[in-house]
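Work through the exercises below with the sequence and the model side by side. Try each task before reading its solution.

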Amino acid sequence: MSFRKKFFLIFFIFSIIFLFFGFDYYRLHLTAYNINQENIRDKESLINLYKRRDFIKGLLILENYDEFKDKQRMLKSKDLDSGLERMNILKDIKQLEELEIRILKLHEKNLKYNKEFFKLYKSEKEIRHIIRDTVYSQGIYDEIKYLGELRYKSKEAIFQYRDQKHFDDWMISIKNLIKSIKDKELLKYTEDYHKISQDITVILLSQNEVKKEISENFKVYNGMLDAADKVVTLLEKEKRISIENINSGLYYKLLGTVFMAVSLLLILGLFIHVQLIKPLEMLKTGTDELSKKNFEHDLKFHKNDEIGQLATHFNTMALTLKNLYQDLDKKVSDRTMDLERSNSKLMKEISEKEKLQEILRKQATTDELTGLLNRRAAYDFLLKEIKKQKEPGDTLTICYLDIDNFKKINDDYGHEEGDRYLKEFSNILKEKLRQEDNLFRMGGDEFVAIFPEMKREDVELIFEKRVLPDMRARLDIDFSYGIFEFSEFTKTNLNQIMKKADERMYKQKIEKKKERLLSQELSFV
């Protein structure tokens with residue numbers, strides 16, 4: 001029997017056993033899953049009830065009638081889950097829906113009262129102001145006194161207490177004012193005010209009754225939700241016990257499945273070791289001997305399967321290689337010597353070419369006078385750094401520097417002295433900047449410094465506190481600089497970045513000149 005047939009026979013027997021255990025395990029797992037899903041549905045239904053309750057609470061907060069009616073239509077589209085009764089979560093869906101309708105109708109009535117109240121309050125305020133102005137113009141003590149009581153009592157009744165006692169006090173203050181009035185026109189305004197105040201009293205007392213009824217209905221509504229919550233909690237407890245019992249059965253099924261899997265692995269491991277690994281080790285030994293040019297090593301297998309056939313082919317191959325090697329050995333030796341000579345010559349040429357390329361690269365990117373990298377290197381470096389700005393918060397600050405009045409140094413002391421200033425200027429910058437900062441000479445007396453992960457204000461602090469004082473002390477020169485802070489959100493290209501930094505440097509230079517001119521003018525004066 002071939003190796004493949006033996007392997008598949010063992011695998012088939014164990015697969016049948018696995019299917020038996022696996023089907024039973026799957027059946028129990030599916031039962032537990034269905035119970036768990038039912039529990040999730042119950043919870044979701046309850047959550048939807050509470051969300052609906054919260055939505056109604058939001059409607060009760062609204063004071064604009066049109067907005068209330070618009071959002072009320074949204075509630076109608078959110079139909080209650082009819083399955084709540086079927087799942088024994090809520091006993092009477094219809095009663096809950098009727099409570100919602102009653103609460104919302106009461107709130108609608110309250111909003112209408114509110115609308116009427118503001119309309120009447122506007123009239124009350126207008127007439128009260130007319131009465132106030134007339135009373136104050138006449139200057140009668142009793143009327144002013146009763147008017148003051150009326151204003152105080154009206155605010156208490158309308159805005160503080162809104163109960164029958166304070167409304168009665170308000171009416172008494174109006175009647176007292178009416179008794180003290182002699183002017184007929186003022187008396188007419190006061191009687192109109194009395195009628196409006198009575199209408200306001202009726203509306204506000206009616207509102208109190210409506211709000212009280214809303215509160216009572218909402219208590220019943222919450223009570224029904226609490227009862228549903230208790231039902232869900234009880235059902236969840238029962239289902240949890242059922243799931244625990246099922247999981248206990250799954251545990252033993254799983255132990256049986258694991259035992260069968262381990263047994264299968266052991267038997268398959270033993271089978272593979274005897275039928276495959278051991279013959280392969282013998283075959284490896286044969287190939288090792290063959291690699292050592294021991295063509296006399298012979299594999300002997302008394303098997304008719306694939307491994308036996310492989311051993312026969314190996315022995316044939318070893319005999320063929322023995323014959324070929326004897327002919328090729330000399331040719332390979334001669335060819336190897338030729339290749340070694342050619343390779344040695346080629347390596348020497350490559351080494352010389354690499355050294356030349358390195359010299360050319362340094363010359364192309366290095367400033368000969370200061371030893372700094374030049375303009376080309378600066379642009380290449382900036383392009384790479386800008387591409388790195390990917391993470392939020394990454395930043396790169398570029399500073400364009402220019403020595404003030406450098407032409408005067410060359411004119412007064414000669415270009416040799418100017419070169420010395422440039423070298424010393426670059427050396428001071430290298431001393432004062434951080435190790436991770438980069439300095440480039442752009443040409444003439446212009447330099448660029450690049451500060452990775454540093455903000456603009458920090459760079460300004462470095463130049464003002466560290467670089468400029470030392471530059472003035474050692475070289476007695478000043479320089480201007482322009483700073484541009486770049487981040488991943490900066491929508492500009494490299495040329496625009498350098499242009500902006502250059503413009504800011506030039507702007508600082510102009511401002512310095514203006515300050516010097518102003519200083520000279522002041523000293524002259």
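**Exercise 1: a charged pair in helix H4**

Task: Is arginine 128 buried or exposed, and which residue meets its side chain in a salt bridge?

Solution. Arginine 128 has a relative accessible area of 11%, so it is buried. Buried means under 20% relative accessible area, exposed means over 50%, and partly exposed lies in between (1.4 Å probe, protein chains only). Next, find the partner. The side chain of arginine 128 meets that of glutamate 124 in a salt bridge, at 2.8 Å from N to O. A salt bridge here is a side-chain nitrogen of Lys or Arg within 4 Å of a carboxyl oxygen of Asp or Glu. Glutamate 124 counts as buried because its relative accessibility is 0%. Last, place the pair. Both residues lie in helix H4, 4 residues apart, about one turn of the helix. Helices are DSSP runs (H or I, at least four residues), numbered from the N terminus.

A note on the source: this is a predicted model, where local features need pLDDT of at least 70 and side-chain atom pairs count only at pLDDT 80 or more, while totals for chains, interfaces and linings use all residues. Residues are numbered from 1 along each chain as its sequence is written, and side-chain values use heavy atoms, with hydrogens and water left out.

**Exercise 2: salt bridges elsewhere**

Task: How many salt bridges does a search of the whole structure find? Which residues form one network with Asp470 and Arg474?

Solution. The search finds 25 salt bridges. Take arginine 132 as one of them: this residue pairs with aspartate 133, with the closest N and O atoms 3.1 Å apart. Arginine 132 is partly exposed, at 26% relative accessibility. Aspartate 133 is partly exposed too, at 45%.

Now move to arginine 474 and aspartate 470. Their side chains meet in a salt bridge at 3.0 Å, N to O. They are 4 residues apart in helix H12 (residues 456-474), so about one helical turn separates them. Arginine 474 is partly exposed at 39%, whereas aspartate 470 is buried at 17%. Shared partners join these two with Glu424, Glu431 and Lys432 into one network.

**Exercise 3: rings**

Task: Why does the pair of phenylalanine 117 and tyrosine 121 count as stacked?

Solution. Start with the rule. Rings of Phe, Tyr and Trp (its six-membered ring) pair if their centres lie within 6.5 Å; planes under 30 degrees apart count as stacked, over 60 as edge-to-face and the rest as tilted. The rule gives 13 aromatic pairs. For phenylalanine 117 and tyrosine 121, the ring centres are 5.8 Å apart and the planes meet at 20°, so the pair is stacked. Both residues lie in helix H4 (residues 93-138). Both are buried.

Elsewhere, Phe425, Phe447, Phe451, Phe463, Phe479 and Tyr481 make up one aromatic cluster.

**Exercise 4: the nonpolar core**

Task: Which residues touch the most other members of the largest nonpolar core?

Solution. A nonpolar core is a set of buried Ala, Val, Leu, Ile, Met, Phe, Trp, Tyr and Cys residues joined through side-chain atoms within 4.5 Å. The largest one has 46 residues, and Ile131, Trp170 and Ile200 touch the most other members. Elements giving two or more residues to this core include H1, H4 and helix H7 (184-291). H7 gives the most, with 14 residues.
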